[in-house]
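Trainee: I am new to this structure and should like to understand the terms used to describe it. May we go through them one by one?

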Amino acid sequence: MSTIAAFYGGKSILITGATGFMGKVLMEKLFRTSPNLKVIYILVRPKADQTPQQRVFQILNSKLFEKVKEVCPDVHEKIRAISADLNQSDFAISKEDTQELLSCTNIVFHCAATVRFDDHLRHAVQLNVAATQQLLLMASQMPKLEAFIHISTAYSNCNLKHIDEVIYPCPVEPKKIIDSMEWLDDAVIDEIAPKLIGDWPNAYTFTKALGEMVVQQESRNLNIAIIRPSIVGATWQEPFPGWVDNLNGPNGIIIATGKGLLRALRATPKDVLDVVPVDIVVNLTLAVGWYMAVRRPTSMLIYHCTSGNLNPCNWGKMGPQVLATVKKFPFEKAFRRPNADFTTNTITTLYWNTVSHRAPAIIYDFCLWLTGRKPRMTKLMNRLIRSLSLVEYFIKQTWEWSTYNTEMLMSELSPEDRRVRTALT
Ligand SMILES: CCCCCCCCCCCCCCCCCCCCCCCC(=O)SCCNC(=O)CCNC(=O)[C@H](O)C(C)(C)COP(=O)(O)OP(=O)(O)OC[C@H]1O[C@@H](n2cnc3c(N)ncnc32)[C@H](O)[C@@H]1OP(=O)(O)O
Ligand SMILES: NC(=O)C1=CN([C@@H]2O[C@H](COP(=O)(O)OP(=O)(O)OC[C@H]3O[C@@H](n4cnc5c(N)ncnc54)[C@H](OP(=O)(O)O)[C@@H]3O)[C@@H](O)[C@H]2O)C=CC1
């Protein structure tokens, strides 16, 4: 049995963001490889008229958890959905649930965040900074806590070209930002946000950087690590290839290509695109939890989960591979047959956006209107073009991330764990 999987046996684990893309894969891996764990607490908010319990039931009955039901038949008894809202200062957790979390938790995985690039700064600060501060305060009151693992992003310092596995100071003190969000109204925040965010591209990456500073400032005597994944894509191997449940990161672009919506993408073929499969990120996350709890490094460690310097893939390779795949495995109800190419400057991008994106959508909607059906393609195409404009910053440039700590950790693993845990090297 894997040393890491054995470590989580008997453990009480708290996962925030467990209903999200990464959180679900983390939870699935834990139940499938450490079925003798004691309990996984997950902070779940009511959503879309579903109670937390209903949401958990839906997740456990999804395709992602099919293998879990075979190896961990009592999974329903081992998962504790705690009603919580990280937008509230006390997370809106009951006193009884808080007491249980504080007295029982051994490991915390903090995945919850708002990952939208167009989120309001107030919301991004509340979730990515203040909630992290609040969770660290809770963690400091957990007598059995062995490790606190914070999930950040490799782009928290995207204003730099070369990023090491260290925490870089932000130009603004996180506590001052948190306090100011409590009394400034939205109009003022909208006015000053660009100045506060500075040379970060959006509120998401800016508040993830602030969140890292809070982790450093509020670490107290906690045994903490930060993991910085780059662009996280669908599963590579576990529990099965190709699982994804949202349109974030690469997923929306690949699906839009397969549906024949995307015909032109501004990218430079020689540029490296740093994408990592979500199961690789989860494997590293569990390895870090084990390492921090068992080896107890004397200081907080940052781990980059990036592929660029270990197993680089550029646009010139990724693009044609994606295109060939979506042609070989056609999507249902495609708008057009998949066919796309790169554009390399603003003029050609504008031209192909008009000729291959906007015009066909307008013509299609006109036909829908003529036949008495509701036009919808123009709205969808405008959303796609807006999404592309928001991710353009991350596509048109490249970064270098050092991976010393991650490679060091890989060298500490048993041969079996190393075989399972990473494909980056
Ligand atoms: C030979 C040449 C071939 C060339 C073509 C081949 C393609 C090759 C592809 C290769 C891989 C691509 C890699 C691309 C890399 C992308 C860079 C990503 C950078 C991430 C860096 C940071 C990573 C992180 O740390 S966090 C990452 C997670 N966050 C994100 O990814 C961004 C989060 N998303 C957002 O911020 C929003 O989605 C936003 C603002 C982009 C759009 O918001 P909006 O309100 O417009 O939409 P949603 O609320 O998301 O959805 C509403 C609605 O629209 C539909 N929809 C949304 N996006 C798409 C889409 N891309 N395509 C189609 N439809 C979309 C969605 O389904 C919703 O529909 P409803 O019916 O309303 O539910
Ligand atoms: N996806 C990617 O490409 C990358 C992600 N990351 C990081 O990984 C982590 C997870 O990202 P990912 O799984 O993609 O994000 P998702 O958006 O899929 O999941 C976010 C999670 O946070 C939870 N959450 C959001 N707001 C609240 C709230 N108010 N109260 C309680 N829970 C809340 C969501 O719950 P709910 O289901 O109720 O909305 C969800 O479980 C984030 O920290 C992100 O920064 C880092 C690099 C790349």
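Mentor: Let us begin with a cut-off: a polar contact is a pair of N or O atoms within 3.5 Å. Please bear in mind that the model is predicted.

Trainee: What makes the pair formed by Y204 and ligand 2 a polar contact?

Mentor: A polar side-chain atom of Y204 lies 2.6 Å from an oxygen atom of ligand 2. That distance is within 3.5 Å, so the pair counts as a polar contact. The protein buries 91% of the 900 Å² that ligand 2 exposes when taken alone.

Trainee: Which other side chains have a polar atom paired with an oxygen atom of ligand 2?

Mentor: Among them are T19, with an N or O atom of its side chain 2.6 Å from such an oxygen, and R45, with a polar side-chain atom at 2.7 Å. T19, R45 and Y204 are also listed among the closest of the 25 residues that surround ligand 2.

Trainee: How do you know that Y204 has a polar contact with ligand 1 as well?

Mentor: An N or O atom in the side chain of Y204 is 2.7 Å from an oxygen atom of ligand 1. Because the limit is 3.5 Å, this pair qualifies too.

Trainee: What makes the pair of R386 and ligand 1 count?

Mentor: A polar side-chain atom of R386 lies 3.5 Å from an oxygen atom of ligand 1. The cut-off is within 3.5 Å, so the stated value stands at the limit and is counted. Taken alone, ligand 1 exposes 1,500 Å², of which the protein buries 80%.

Trainee: Why is ligand 1 said to lie between two domains?

Mentor: Domain 1 (3-246 + 274-312 + 398-424) and domain 2 (315-395) both give residues to the shell around ligand 1, and therefore the ligand lies between them. Helix α15 (377-395) is one of the elements that supply at least two residues of this shell; with 8 residues, α15 gives the most.

Trainee: Why is G249 called partly exposed?

Mentor: The relative accessibility of G249 is 44%. Buried means under 20% and exposed means over 50%; the value falls in between, so G249 counts as partly exposed. G249 is found in helix α11, and a polar backbone atom of G249 is 2.5 Å from an oxygen atom of ligand 1.

Trainee: Which classes of residue make up the shell around ligand 1?

Mentor: The shell around ligand 1 has 20 nonpolar, 8 polar and 5 charged residues.

Key. Residues numbered from 1 in each chain as written. Chains lettered and ligands numbered in written order. Predicted model: local features only at pLDDT ≥ 70, side-chain atom pairs only at ≥ 80, totals over all residues. Heavy atoms only, no water. Polar contact = N/O pair within 3.5 Å; in protein donor to acceptor, adjacent residues only side chain to side chain. Areas by Shrake-Rupley, 256 points an atom, 1.4 Å probe, with all protein chains shown as cover. Helix = DSSP H or I, 4+ residues; strand = E, 2+ residues; numbered from the N terminus. Nonpolar A, V, L, I, M, F, W, Y, C, P; charged D, E, K, R; others polar. Domains from an automatic or database assignment. Buried < 20%, exposed > 50% of the residue type's maximum accessible area, 1.4 Å probe, protein only. Near = heavy atom within 4 Å.
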